Amino acid sequence: MPPLPPWNQIHPLVIHFPIALTFLVPVFLLLAAVISKARLSLLFSAALIAVLAAVGSAMATSSGEAGEDAIPDSPLARQVLHEHEELGELARNVNIGAALLLTGSWLTLWLLGPKVKAPIATAALVVLTLA
């Protein structure tokens, strides 16, 4: 197996992980809203995936900033890099927010039990769909 590249060159490898995970979260939320018998497990899965996506997004943002010096110094390249960086930071922040929301939703559901199952799963699904 080849060695991993240095941190300032790993961004293209790291970025695909949180992107894929981010698209999985709504799938698990939809399943949690539909399959009531597995709601707690599915909400836990969505929360765990969201946490992994948030960690991956933070790693992607950090590695992207570390590799910023490798971009050619031209006005167009700098403009594109700036937009890419802004979108990456937005994605990271949304993933962190989703991870916090879903972890809190799962903990509330786990601690309070069946009384709050439907409202929490529905609220989490609505909020993440709007985001």
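**Group meeting: a five-helix predicted model**

Of the 131 residues of this protein, 30% count as buried. Keep in mind that this is a predicted model. So, first, the confidence. The mean pLDDT of the protein is 86. Residues at 70 or more make up 86%. The elements are uneven, though. Helix α3, residues 39–66, has the highest mean pLDDT, at 93. Helix α5, residues 117–130, has the lowest, at 60.

Now the layout. There are five helices and zero strands. Along the sequence that reads α-α-α-α-α.

Next, the core. Which residues have the most contacts inside the largest nonpolar core? They are V25, L29, L43, A50 and L102. The core has 14 residues in total. Helices α2, α3 and α4 each give two or more residues to this core. The largest share comes from α3, with seven residues.

On to helix α4, residues 75–112. It has 38 residues. From first C-alpha to last, α4 reaches 55 Å. At 1.5 Å a residue, 56 Å is expected, so the two values are close. Which α4 residues are buried? They are A77, L81, N95, A98, A99, L102, S105, W106 and L109. You met L102 a moment ago, among the residues with the most contacts in the core. Look at the spacing in that list as you turn the model. An α-helix has 3.6 residues a turn, so residues three or four places apart point the same way. Just after α4 comes G113, with a positive phi of about 80°.

Now the surface. V27, L30, L31, V34 and I35 make a nonpolar patch of about 420 Å². Take V27 from that patch. V27 sits in helix α2, residues 16–34. Is V27 buried, partly exposed or exposed? It counts as partly exposed, because its relative accessibility is 42%, and that class runs between 20% and 50%.

Last, the N-terminal side. I10 lies in the segment before α1, which covers 11–14. I10 is buried, because its relative accessible area is 9% and the cut-off is under 20%. How far apart are the C-alpha atoms of I10 and G67? The separation is 8.1 Å, for two residues 57 apart along the chain.

To wrap up. The core draws on α2, α3 and α4. The patch with V27 is on the surface. And treat α5 with its mean pLDDT of 60 in mind.

Conventions
Residues are numbered from 1 along each chain as its sequence is written. This is a predicted model: local features need pLDDT of at least 70, side-chain atom pairs count only at pLDDT 80 or more; totals for chains, interfaces and linings use all residues. Side-chain values use heavy atoms; hydrogens and water are left out. Helices (H or I, at least four residues) and strands (E, at least two) are DSSP runs, numbered from the N terminus. Buried means under 20% relative accessible area, exposed over 50%, partly exposed in between (1.4 Å probe, protein chains only). Patches are made of residues with over 30% relative accessible area and no salt bridge: like charges are joined within 9 Å, nonpolar side chains (Val, Leu, Ile, Met, Phe, Trp, Tyr) within 5 Å. Accessible areas come from the Shrake-Rupley method with a 1.4 Å probe; for residues, only the protein chains shown count as cover. A salt bridge is a side-chain nitrogen of Lys or Arg within 4 Å of a carboxyl oxygen of Asp or Glu. pLDDT is the predictor's confidence in each residue, from 0 to 100. A nonpolar core is a set of buried Ala, Val, Leu, Ile, Met, Phe, Trp, Tyr and Cys residues joined through side-chain atoms within 4.5 Å.
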